[in-house]
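Q: Could you walk me through this model before I set anything up? I'd like the general layout, then the surface, then the charged pairs.

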Amino acid sequence: MSNWPNELNTWLLEHQALVASFSVPLLTLIVTAIVTISQSTQASRNRINDREIQRLVKIAEFRETWLNDLRNELADLISYSLDRGERAPEKSVAFNRSLAKVRLRLNEKEESTAELNDALDEILDYHELAKNKDDPRRGEAQSQLVQAGRKILKAEWDRLRSDLELVDRARMRK
């Protein structure tokens with residue numbers, strides 16, 4: 001039993017063709033399996049990364065649409081609040097509709113929302129027919145609405161920019 005390495009070496013030399021005919025396909029099979037598993041794993045990681053990029057891009061698109069719509073509604077609301085003439089019923093309906101749209105877009109849990117809601121309440125007070133249209137506090141209420149709206153729009157643009165940076169980082173990982 002102590003001479004088994006020599007016996008094995010002798011057997012391998014005598015059967016070299018047989019060993020080669022079995023070992024080459026076996027090694028090819030092993031290498032092919034390793035490469036296939038590696039490529040499959042990498043492809044799976046790429047698909048996951050692509051889905052994450054698509055998700056982030058979609059969120060950014062939704063956020064940008066939300067921002068543009070909020071800006072338009074705030075502009076309409078400010079425009080309606082500047083109207084000092086007699087209000088036709090359709091202008092009051094349009095004002096109230098814009099006011100409702102802005103309020104429905106807001107997340108009540110965010111601090112900046114409280115400030116904007118206060119500004120909306122002030123604008124609503126001065127928009128009502130019972131208020132004096134020449135009251136200087138009306139301009140202050142409009143200014144408060146503009147400032148509160150700008151804060152929210154700025155914060156959301158910063159958030160959007162952050163989302164886009166995440167997309168860029170995810171693309172770099174590919």
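A: One term is needed before the surface comes up: helices here are DSSP runs of H or I with at least four residues, numbered from the N terminus. Please also keep in mind that this is a predicted model.

Q: Fine. How many helices and strands does the protein chain have?
A: The protein chain has 5 helices and 0 strands, and along the sequence these elements follow the pattern α-α-α-α-α.

Q: And what percentage of the residues is buried?
A: Of the 174 residues in the protein chain, 25% are buried. The chain exposes about 12,300 Å², and carbon and sulfur atoms supply 57% of that area.

Q: What share of the contacts joins residues at least 24 apart?
A: If one takes the contacts between residues at least 6 apart in sequence, 73% of them join residues at least 24 apart.

Q: On to the surface, then. Which residues form the nonpolar patch?
A: The patch consists of Trp-4, Leu-8, Trp-11, Leu-12, Leu-18 and Phe-22, which together have about 640 Å² of accessible area.

Q: Which helices supply it?
A: Both α1 (4-14) and α2 (16-82) supply at least two residues each, although the largest share, 4 residues, comes from α1.

Q: Take Phe-22 from that list: is it buried or exposed?
A: Phe-22, which is found in helix α2, has a relative accessible area of 58% and counts as exposed because the cut-off for that class is over 50%.

Q: Changing topic: at what angle do α2 and α3 pack?
A: α2 and helix α3 (residues 89-105) pack at an angle of about 145°, with their axes 9 Å apart, and α2 passes α3 in a left-handed crossing.

Q: Which residues make that contact?
A: On the α2 side the contact includes Trp-66, Leu-70, Glu-73, Leu-74, Leu-77 and Tyr-80, while the α3 side includes Ala-94, Phe-95, Leu-99, Lys-101, Val-102 and Arg-105.

Q: You listed both Lys-101 and Glu-73; what do their side chains do?
A: The side chains of Lys-101 and Glu-73 meet in a salt bridge, with an N to O distance of 3.4 Å. This pair links distant parts of the chain, with Lys-101 in helix α3 and Glu-73 in helix α2, 28 residues apart.

Q: Is Glu-73 buried or exposed?
A: Glu-73 counts as buried, because its relative accessibility of 9% falls under the 20% cut-off. Its partner Lys-101, at 30% relative accessibility, counts as partly exposed.

Q: How many salt bridges are there?
A: The count comes to 12 salt bridges. One of them joins Arg-103 to Asp-121, where the closest N and O atoms are 2.6 Å apart; this pair also links distant parts of the chain, with Arg-103 in helix α3 and Asp-121 in helix α4, 18 residues apart.

Q: How accessible are Arg-103 and Asp-121?
A: Arg-103 counts as partly exposed at 25% relative accessibility, and Asp-121 is partly exposed as well, with a relative accessible area of 35%.

Q: What about Lys-154 and Asp-158, how far apart are they in helix α5?
A: Lys-154 and Asp-158 are 4 residues apart in helix α5, so about one helical turn separates them. They form a salt bridge whose closest N and O atoms are 2.9 Å apart. Lys-154 is partly exposed at 48% relative accessibility, and Asp-158 is partly exposed with a relative accessible area of 32%.

Q: Which residues are linked in a network of salt bridges?
A: The network links Arg-63, Glu-110, Glu-156, Arg-159 and Asp-163.

Q: Two single residues to finish. Where is Thr-113, and what does it touch?
A: Thr-113 has its place in helix α4 (residues 111-127) and counts as buried, at 2% relative accessibility. Leaving aside residues up to four places away in sequence, Thr-113 touches Leu-106, Asn-107, Glu-108 and Ile-152.

Q: And where is Glu-165?
A: Glu-165 lies in helix α5 (residues 136-172) and is partly exposed, at 41% relative accessibility. Its C-alpha atom is separated by 9.8 Å from that of Leu-56, and the two residues are 109 residues apart along the chain.

Key
Residues numbered from 1 in each chain as written. Predicted model: local features only at pLDDT ≥ 70, side-chain atom pairs only at ≥ 80, totals over all residues. Heavy atoms only, no water. Patch = residues over 30% accessible without salt bridge, like charges linked within 9 Å, V, L, I, M, F, W, Y side chains within 5 Å. Areas by Shrake-Rupley, 256 points an atom, 1.4 Å probe, with all protein chains shown as cover. Salt bridge = Lys/Arg side-chain N within 4 Å of Asp/Glu carboxyl O. Buried < 20%, exposed > 50% of the residue type's maximum accessible area, 1.4 Å probe, protein only. Axes fitted to C-alpha atoms, helices over the stretch in contact; angles between N-to-C directions. Left-handed = near helix turned anticlockwise from the far one by under 90°. Contact = heavy atoms within 4.5 Å.
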